[in-house]
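Colleague: Please take a close look at one single part of this model for me, and then set it against the rest of the chain. Plain prose will do.

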Amino acid sequence: MMKNVHLAPEADEDDLYSGYNDYNPTFDTEDLENDPAFQQAVRTSHGRRPPLTAKVPGTSGSRPLATGYGDGVARPMTAVQAAGYTKAASRGSAFDPLGQARGPAPPLETKNEDSPEGKIKQLEKKVNELVEESCIAHSCGDLKLALEKAKDAGRKERALVRQREQTMSPANINLDLTYTVLFNLASQYSGNEMYAEALNTYQVIVKNKMFVNGGMLKVNMANIYLKQRNYSKAIKFYRMALDQIASVHKEMRIKIMQNIGVAFIKTGQYTDAISSFEHIMSTSPNLKAGFNLILCYFATGDREQMKKAFQKLIAVPLEIDDDDKYISQGDDPHTNLLIEAIKNDSLRQMECERKATAEKYIMTAAKLIAPAIETSFAVGYDWCVEIVKASPYVELANDLEINKAITYLRQKDFNQAVETLKMFEKKDSRVKSAAATNLSFLYFLENEFTQASSYADLAVNSDRYNPSALTNKGNTIFVSGDYEKAAEFYKESLRNDSSCTEALYNIGLTYKKLNRLDEALDSFLKLHAILRNSAQVLFQISSIYELMEDPNQAIEWLMQLISVVPTDSHALAKLGELYDNEGDKSQAFQYYYESYRYFPSNIEVIEWLGAYYIDTQFCEKAIHYFERAALIQPSQVKWQLMVASCYRRSGNYQKALDTYKAIHRKFPDNAECLRFLVRLCTDMGLKEIQEYATKLKRVEKLKEIREQRVKSGRDGSARARREGSAGGDPGSITLKGERLSAKLKSLPGTYEPYESSVSKEIDASYLDPLGPQAERPKTALRKKMDEDEFADEELGDDLLPE
């Protein structure tokens, strides 16, 4: 008789169901009627069967086996416990497959986390969490935090290895976790540009033979050497990695060979680079390898190979679907809805990016080799255009033609550029619009505004959504003075392309012309948010604040301007003018002096500096500036008179006399010079006094005669012509002196500032082919001379010591 036989096997303590080991049912044949498990087993759907007889060991006869039924139901022919579904379900009893009627199962056995195995698992979990946090921080751009987490993971992983060695056999060490921690640490070192530490960490992985794929990390080591410009070692490690990568990893091998070719280009070994790229183009051609191959042949000057490489680049398949699938071809609403959904999805964007990259490589390669493959760049462009027309990139042929016209522009051959662009007048609308836009720009630069307006109209009619065409049309209207209409075109351009900086700049200038300063300021501030370091935008903002009578803001924006262009003499002079208007002479002098240092030919700056030194009683220093002004404008007598006046003020009367004599020899009919010569000769007791006095009387008599003629109107036109001349004949010089004399009588000792023809303004036009050539605001200060500069009252007898 079998008794107390355990049916369930023993489970180790790691078994998930170890909590059930306490429940070990047994079969007792003597008490089967009271055994609930047995009674549950005999309740089947087989129906009642005749009782079975069996010999019970240890007995002399046979007796029927006991059942759970009192009426002698036979034991069912089954060896396993039923699922629990019986006929009783039809009588309303619940389905109980889990035996819940017997009560809840005993709880799972709780594991002891303080055991060595529990501590190891907890530490291993912490290491994995640190590695994940390091990777997340790196993806978020926080490289420093990523490195700290990687180092922390490395320290905990080493502690984990030591603990495993103490409690388990070395075979139980988790090599995958060690590899992950080391690889992440090396990557974070490389991301933080700690290349030496990264190489050491990679070396630990590569030298450990237990890491099966550790040799592949030599690619990463080669990449670091490439960043360090150690090209020989980079090539060595790339080749070592190539030897350890199986041929089944074709894509990775191609990328490594491409890196080898790039390293050869860096070292100037173009022949070896050509070998690598030729192998790639014959095995698995791609755009980068084809473009690099063209560069290598261009460096070696091989024309025929350049042509062959360009043809190989053109033949690289893009592996993208036709654009026709994004065009609705029926009235099926479901199909149209599907097309709208995929028209701009991520896959479509990826296809567009791939196509744009291919076109960029092809266009750049064509522009590079066109001047080199034939005797002239025009013939080379024609060859490239023919090749492109026979390829899937036929649309690029027109772009190449436009680039050909732009190349003519760079060579200052405007006629050829215009002829090339005029060829597109009968092309499709997109190309026609681009060509007409460039033609409008060309004619606008040549001040042929009628032609510019005509081609701008053609460009707009061909493509109403072309922001460049609309901007050019606005420019042609701007120069005609219709600022309101020009603003409308600029607004339409911005509606089509809100990032069109040319239109935004030009509409700011338009509002400035219309004296709508708030709107102009808003436009330029928006543009400043896009072009942070644009000198033109910064100047315009400063100019508007000046017009709004806010000098503090104007000075602040000019300070930003000179931080961008610290050597702009006109911006420095404008800053000096603002400080002078505010009464800060010291700051004004500093910026005027800086302006003079960078551009010593600005007459207004020279005039201001000379007047500043006269105001501060340093006449000797003012002489230097007025002498430079006399060199710049030798026909203007006022600068030489200023030099002589400075000598007189500083007490050097002999030098002043010599200077006046030199002026008289050059301008013999200048009354002011003669007047000072008479005074100085009188004070110094010189014999020439009578000679100069006679000349002065003659000059004054001629002056009276001319005044009478002017009053009678007989010499009005002649007088105007003489005043317009620059001292070409004695009559005009006399009249100049006469004007100065009259000025002295009305305002003793002052001269009207001279309007210099030298440029004294910052270039405020936006440097773009489509931007208008706006008028440049003045930036230099007009400084008046002292009121007592040439006052006769100062030339008394007390000039010379007794």
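Modeller: E549 sits in the loop that runs between α23 (535–547) and α24 (551–564). This is a predicted model, and in it E549 has a positive phi of about 60° although the residue is not a glycine. Most residues other than glycine have a negative phi. As for its surroundings, E549 has 71% relative accessibility and therefore counts as exposed, the cut-off being over 50%.

A second residue of this kind is N447. The phi of N447 is near 65°, again a positive value in a residue other than glycine. N447 also belongs to a loop, the one between α17 (429–445) and α18 (449–462). Its relative accessibility is 55%, so N447 counts as exposed.

Helix α18, which follows that loop, contains T450. T450 is exposed, with a relative accessible area of 68%. S440 lies 10 residues from T450 along the chain, and the C-alpha atoms of the two are separated by 9.5 Å.

D497 is another loop residue, placed between α20 (483–496) and α21 (501–513). With a relative accessible area of 27%, D497 is partly exposed. Y465 is 32 residues from D497 in sequence, while the C-alpha to C-alpha distance between D497 and Y465 is 8.5 Å.

For a buried position, take L677, which is found in helix α31 (residues 671–684). The relative accessible area of L677 is 0%, so this leucine is buried. What is L677 in contact with, leaving aside its neighbours within four places in sequence? The residues are L657, Y660, K661, H664 and Y692. T659 is 18 residues from L677 in sequence, with 9.8 Å between their C-alpha atoms.

The aromatic residues come next. One aromatic cluster is formed by F589, Y592, Y593, Y596, W608, Y612, Y613 and Y625. Two pairs drawn from its members can be described in detail.

Y596 and Y625 make an edge-to-face aromatic pair, at 5.0 Å centre to centre and with 65° between the planes. Y596 lies in helix α26 (residues 585–598) and Y625 in helix α28 (residues 619–632), so this pair ties together parts that are 29 residues apart in sequence. Both Y596 and Y625 are buried.

W608 and Y612 make a stacked pair, with their centres 5.4 Å apart and 10° between the planes. These two residues are 4 residues apart in helix α27 (residues 603–615), which means that about one helical turn separates W608 from Y612. W608 is buried, as is Y612. In the model as a whole, the count comes to 23 aromatic pairs.

Two helices can also be examined as a packed pair. The axes of α14 (residues 377–389) and α15 (residues 396–410) come within 9 Å and cross at roughly 170°. An angle over 145 degrees counts as roughly antiparallel, and α14 and α15 are therefore roughly antiparallel to each other. On the α14 side, the contact is made by F377, A378, Y381, D382, C384, V385, V388 and K389. On the α15 side, L396, A397, L400, E401, N403, K404, T407 and Y408 take part. Sorted by class, this contact has 10 nonpolar, 2 polar and 4 charged residues.

Last, the chain as a whole. Its secondary structure comes to 34 helices and 2 strands. The protein chain has 802 residues, of which 42% count as buried; L677 is one of the buried ones, whereas E549 is exposed. Among contacts between residues at least 6 apart in sequence, 54% join residues at least 24 apart. The accessible surface of the protein chain comes to about 44700 Å², and carbon and sulfur atoms account for 51% of that surface.

To return to the part examined at the start: E549 is in the loop between α23 and α24, its phi is positive, at about 60°, and E549 counts as exposed at 71% relative accessibility.

Methods:
Residues are numbered from 1 along each chain as its sequence is written. This is a predicted model: local features need pLDDT of at least 70, side-chain atom pairs count only at pLDDT 80 or more; totals for chains, interfaces and linings use all residues. Side-chain values use heavy atoms; hydrogens and water are left out. Buried means under 20% relative accessible area, exposed over 50%, partly exposed in between (1.4 Å probe, protein chains only). Contact means heavy atoms within 4.5 Å. Accessible areas come from the Shrake-Rupley method with a 1.4 Å probe; for residues, only the protein chains shown count as cover. Axes are lines fitted to C-alpha atoms, for helices over the stretch in contact, and angles run from 0 to 180 degrees between N-to-C directions. Angles under 35 degrees count as roughly parallel, over 145 as roughly antiparallel, 65 to 115 as roughly perpendicular and the rest as oblique. Ala, Val, Leu, Ile, Met, Phe, Trp, Tyr, Cys and Pro count as nonpolar, Asp, Glu, Lys and Arg as charged, and the others, Gly among them, as polar. Rings of Phe, Tyr and Trp (its six-membered ring) pair if their centres lie within 6.5 Å; planes under 30 degrees apart count as stacked, over 60 as edge-to-face and the rest as tilted.
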